[in-house]
Amino acid sequence: MATVPSDFYKLKEQQIQQYLHDSIQVPPELRQNVLVTTLDKLYNWSRRSSMWPLLFGLACCAIEMIATAASRYDMARFGMEVMRPSPRQSDLMIVSGTVTKKMIPAIVRIYNQMAEPRYVVAMGACASGGGPFKEGYNVVSGVDKYIPVDVYVPGCPPTPEALIYGMMKLHEKIERQSIATVPWYQEGFSGYVPVPRLGPDIFDPRQVELIKEHTLQATREAAQAAQAAEPTKAAGPAQLSDKARARIEEAKRRLAAKRGG
């Protein structure tokens with residue numbers, strides 16, 4: 001049975017807790033003249049209402065993302081109509097489509113170029129877990145193996161309505177964040193993700209220790225097997241069968257007869 005992560009219940013509590021500004025009461029006689037809010041509320045409102053997605057697409061999900069930005073669905077209602085072609089000016093990465101091993105180094109490099117706070121939406125089954133190409137030789141089984149994902153939008157491909165719902169869920173997550181607890185304002189925080197290296201297969205630098213452990217274990221097992229086989233080799237060559245010995249003698253007689261003749 002799978003174990004529950006240590007911070008699971010804390011994250012669940014954050015999802016259901018009330019907003020702080022909803023619990024602040026203003027006397028009725030002052031409601032026309034006084035506006036009470038929190039710094040987190042103002043800060044989160046400004047970020048939520050002006051998120052700029054990064055303009056790139058990977059596969060068929062990108063067509064649905066384009067439809068979401070078009071006039072019928074219109075992301076401008078959320079202040080997200082500006083899709084920036086530069087990661088320096090974007091704070092939302094929508095991974096829309098199949099993530100291949102050849103493409104993941106570029107995605108991680110672009111993610112590192114985005115400034116904090118930054119968010120990632122995995123759009124579609126391929127970006128979320130590999131989709132119909134899962135366990136394929138050239139497809140990554142989910143972009144979350146390399147960069148952190150905030151919202152998953154299921155579907156193959158998901159509809160524009162599904163993507164809009166995922167964005168609304170991301171807005172709810174932003175509304176519950178606090179300047180005092182978000183990691184990118186903490187001392188010593190670094191959101192840098194090592195860029196994977198593409199060779200005969202994809203290589204994640206963060207798994208160096210795990211790879212070393214398995215490689216060294218395989219090397220030790222091979223050395224032990226070689227040592228166990230050495231006494232057998234020292235015992236000398238295997239004994240020939242009677243049939244093989246007879247064939248050798250016959251060949252010697254033919255050679256002697258040929259030389260004598």
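**Exercise 1. Find how many salt bridges the structure holds, and take one of them apart.**

Start with the count: there are 10 salt bridges in the structure, where a salt bridge is a side-chain nitrogen of Lys or Arg within 4 Å of a carboxyl oxygen of Asp or Glu. A quick note before going on: this is a predicted model, in which local features need pLDDT of at least 70, side-chain atom pairs count only at pLDDT 80 or more, and totals for chains, interfaces and linings use all residues. Residues are numbered from 1 along each chain as its sequence is written, and side-chain values use heavy atoms, with hydrogens and water left out.

Step 1: pick Glu 175 and Arg 48, whose side chains meet at 2.7 Å, N to O.

Step 2: place them. Glu 175 sits in helix H6 (residues 160-175) and Arg 48 in helix H2 (residues 39-48), so this salt bridge ties together parts that are 127 residues apart in sequence. Helices here are DSSP runs (H or I, at least four residues), strands likewise (E, at least two), numbered from the N terminus.

Step 3: check accessibility. Glu 175 is buried at 12% relative accessible area, while Arg 48 is partly exposed at 22%. The cut-offs are under 20% for buried, over 50% for exposed, and partly exposed in between (1.4 Å probe, protein chains only).

**Exercise 2. Compare two further salt bridges, Asp 242 with Arg 245 and Arg 206 with Asp 204.**

Step 1: for Asp 242 and Arg 245, the closest N and O atoms are 3.0 Å apart. Both residues lie in helix H8 (residues 242-260), 3 residues apart, about one turn of the helix.

Step 2: Asp 242 is exposed, with 62% relative accessible area, and Arg 245 is partly exposed at 37%.

Step 3: look for shared partners. Lys 41, Arg 48 and Glu 175 are joined into one network by salt bridges that share partners.

Step 4: turn to Arg 206 and Asp 204, with closest N and O atoms 3.2 Å apart. Arg 206 is partly exposed at 42%, but Asp 204 is buried at 6%.

**Exercise 3. Work out which residues and elements build the largest nonpolar core.**

Step 1: get the members. The core has 22 residues, and Leu 92, Ile 94, Val 121, Leu 163 and Leu 170 touch the most other members. A nonpolar core is a set of buried Ala, Val, Leu, Ile, Met, Phe, Trp, Tyr and Cys residues joined through side-chain atoms within 4.5 Å.

Step 2: map them to elements. At least two residues each come from helix H3 (61-69), strand E1 (92-96), strand E2 (119-123), strand E3 (151-153) and H6. H6 gives the largest share, 5 residues.

Step 3: zoom in on Leu 92. Leaving out residues up to four places away in sequence, Leu 92 touches residues including Met 51, Trp 52, Met 80, Val 121 and Leu 170; contact means heavy atoms within 4.5 Å.

Step 4: don't stop at one core. A second, separate core of 21 residues includes Ala 122, Ala 127, Val 193 and Ile 202.

**Exercise 4. Describe the largest cavity and its lining.**

Step 1: there is 1 cavity of 30 Å³ or more, and the largest cavity holds about 40 Å³ of space. On a 1 Å grid over the protein atoms alone, a cavity is a set of points where a 1.4 Å probe fits but cannot get out, and lining residues have an atom within 4 Å of a point. Volume is the space filled by probe spheres set on the points, which are joined across faces, edges and corners.

Step 2: list some of the lining. Cys 60, Cys 61, Thr 98, Cys 126, Cys 156 and Pro 157 are among the residues there.

Step 3: sort the lining by type: 7 nonpolar, 3 polar and no charged. For this sorting, Ala, Val, Leu, Ile, Met, Phe, Trp, Tyr, Cys and Pro are nonpolar, Asp, Glu, Lys and Arg charged, and the others, Gly among them, polar.

**Exercise 5. Track down the unusual backbone spots at Pro 157, Pro 117 and Asp 74.**

Step 1: the peptide bond from Cys 156 to Pro 157 is cis, with omega near -10°. Pro 157 is in the loop between E3 and H6, and also helps line the largest cavity.

Step 2: a cis peptide bond also joins Glu 116 and Pro 117, with omega about -5°. Pro 117 belongs to the loop between helix H4 (104-113) and E2.

Step 3: Asp 74 is not a glycine, yet has a positive phi of about 60°. Asp 74 lies in the loop between H3 and E1 and is partly exposed at 33%.

Technical notes: 1 Å grid on protein atoms, 1.4 Å probe; cavity = no way out; pocket = protein on both sides within 12 Å on 5 of 7 lines; lining within 4 Å.
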